[in-house]
Amino acid sequence: MVNLPTVKAHNATLKSALRPGIVAVFVGGTSGIALSTALALARYTLSPKIYLIGRNQSAANSAISTMKSINPSATLTFLKADISRLKNVDSVCAEILAKEKTLNLLFMTPGYLTTRGRDETAEGLDRKFVLHYYARMRFVANLLPLLTAAAQDTTLGSSRLSRVVSVFDPRAGVRIGGTGKLDYSDLSLKHTFTLGKCGAHASIMGNFFLEGMAQKHPLTSFLHAYPSGVNTGLLRDSPVTSAVFSVLLKPFMVPIEESGERHLFAATSGRFPSKAEGEGIQKNVDVAIGSDGTKGNGSYWVSWDGEVFSPNRKLERVRAEGAVDKVAQHTEEVFRTMCEEGRTYP
Ligand SMILES: NC(=O)c1ccc[n+]([C@@H]2O[C@H](COP(=O)([O-])OP(=O)(O)OC[C@H]3O[C@@H](n4cnc5c(N)ncnc54)[C@H](OP(=O)(O)O)[C@@H]3O)[C@@H](O)[C@H]2O)c1
């Protein structure tokens with residue numbers, strides 16, 4: 001476990017380690033873990049440019065005024081969008097691409113808890129599945145040119161940062177007896193949806209899509225992170241769960257401010273280098289083991305405490321089935337159908 005003083009000590013170095021004006025996008029930044037991480041970034045960096053993406057204007061206004069009071073030199077922008085529609089993801093990304101030349105951090109947490117079953121959007125996908133997987137991966141695909149440009153910025157010397165962090169759960173498909181299997185005949189779960197399968201597919205597909213991205217885009221590092229229990233808007237919307245969490249599970253929960261500090265550590269620590277950086281790092285340096293078991297491979301499945309998860313046989317079996325390529329092909333087909341051809345996913 002990376003202890004909290006170590007996390008805070010690392011974060012305190014960011015004012016000198018990162019150049020002023022780093023650019024960060026927080027998808028789901030109006031609440032919870034993304035907001036807490038954005039607040040930590042505002043506290044620990046010089047003149048950051050922070051984008052918050054969500055639907056709630058008043059929550060965004062309040063977040064921006066808090067961040068301004070923490071760091072008057074921060075540039076803060078709220079982009080209002082319902083990103084359960086991929087066409088809205090594309091519009092938001094177009095705005096960012098028009099304004100920025102580089103992006104140092106893409107941090108994503110959109111999602112919600114529900115006991116409802118499949119809820120199909122006008123584009124033909126399940127809403128929850130889109131927020132936990134498809135929209136996030138569309139942000140990655142769209143904003144990669146800016147992330148690559150940040151890694152290639154030769155004016156930055158050692159302070160280059162190019163990182164994607166998706167906060168969900170790399171282990172959701174294998175916890176509590178989960179089979180860890182992907183249904184390749186129905187990856188979008190159009191025909192065989194259950195909430196359990198949706199959580200498992202979003203998790204496993206996120207794992208392998210990001211692992212493939214790290215191989216294809218070696219200048220950027222990609223983290224899929226598990227936050228543990230954190231009392232956020234996610235739980236506030238579910239009265240029973242919220243009461244249970246706040247009373248019974250309180251001793252096991254991560255306080256929201258600590259969660260922000262820890263996710264800022266994950267988003268900036270040298271433990272999680274890109275593939276290109278990992279190959280150049282000396283063996284004795286503290287670099288995490290990547291998701292495929294290779295040290296510093298650019299793709300990391302990280303737990304709440306800053307340590308990577310140990311290898312899991314079920315997930316290794318999925319990789320051996322060719323999940324990296326199969327998931328990428330499916331996801332690209334979804335993007336082509338909906339975003340380029342403007343059709344509903346069949
Ligand atoms: N909290 C936990 O204990 C816990 C545990 C395990 C995993 N996780 C995972 O961690 C992630 C973050 O959770 P959190 O606790 O930070 O949740 P949260 O406080 O509820 O934040 C979720 C964010 O998603 C945004 N969002 C939801 N639907 C959206 C939509 N249609 N369009 C645009 N933005 C949307 C919300 O913004 P608006 O309301 O402004 O739209 C909000 O900012 C989730 O994926 C969750 O599954 C959380």
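## Helices, strands and overall form

In this predicted model, the protein's secondary structure adds up to 13 helices and 7 strands. Measure the C-alpha trace along its principal axes and you get a span of about 50 × 45 × 45 Å.

How does that fit with the chain's length? A compact globule of 346 residues would have a radius of gyration near 20 Å, and the protein comes in at 19 Å, so the two agree. Contacts tell us something about the fold too: take those between residues at least 6 apart in sequence, and 75% of them join residues at least 24 apart.

## Inside, outside and charge

Of the 346 residues, 55% count as buried. On the outside, the protein exposes about 14700 Å², with carbon and sulfur atoms supplying 54% of that area.

As for charge, there are 40 positive and 30 negative side chains. The centres of these two sets lie 3 Å apart.

## A closer look at Tyr134

Tyr134 is a handy residue to zoom in on. You'll find Tyr134 in helix 6, which covers residues 127–152. Is Tyr134 buried or exposed? Its relative accessible area is 0%, and because buried means under 20%, Tyr134 is buried.

Which residues does Tyr134 touch, once neighbours within four places in sequence are set aside? The list includes Leu86 and Leu125, then Phe129, Leu187, Ser188 and Met205, and further along the chain His330, Val334 and Phe335. Pro218 gives a sense of distance: Pro218 and Tyr134 are 84 residues apart along the chain, and their C-alpha atoms are separated by 22 Å.

## Two loop residues with positive phi

Leu189 sits in the loop between strand 5 (163–167) and helix 7 (195–216). Its phi is near 60°, a positive value in a residue other than glycine. Leu189 also counts as buried, because its relative accessibility is 0%.

Ser228 is another non-glycine residue with a positive phi, this one about 65°. Look for Ser228 in the loop between strand 6 (221–225) and helix 8 (233–236).

## What the UniProt record adds

An unreviewed UniProt entry lists residues 20–42 under "transmembrane region". What does the model show over residues 20–42? The chain there is 48% helix and 22% strand, and the C-alpha atoms at the two ends are 11 Å apart.

Methods: Residues are numbered from 1 along each chain as its sequence is written. This is a predicted model: local features need pLDDT of at least 70, side-chain atom pairs count only at pLDDT 80 or more; totals for chains, interfaces and linings use all residues. Side-chain values use heavy atoms; hydrogens and water are left out. Helices (H or I, at least four residues) and strands (E, at least two) are DSSP runs, numbered from the N terminus. The radius of gyration is taken over C-alpha atoms; the globule rule is 2.2 Å times the number of residues to the power 0.38. Buried means under 20% relative accessible area, exposed over 50%, partly exposed in between (1.4 Å probe, protein chains only). Contact means heavy atoms within 4.5 Å. Accessible areas come from the Shrake-Rupley method with a 1.4 Å probe; for residues, only the protein chains shown count as cover. Lys and Arg count as positive and Asp and Glu as negative; His and the chain ends are not counted. The place of a charge is taken as NZ of Lys, CZ of Arg, CG of Asp or CD of Glu. UniProt positions are given in the numbering used here, feature names are shortened, and annotations may be inferred rather than shown by experiment.
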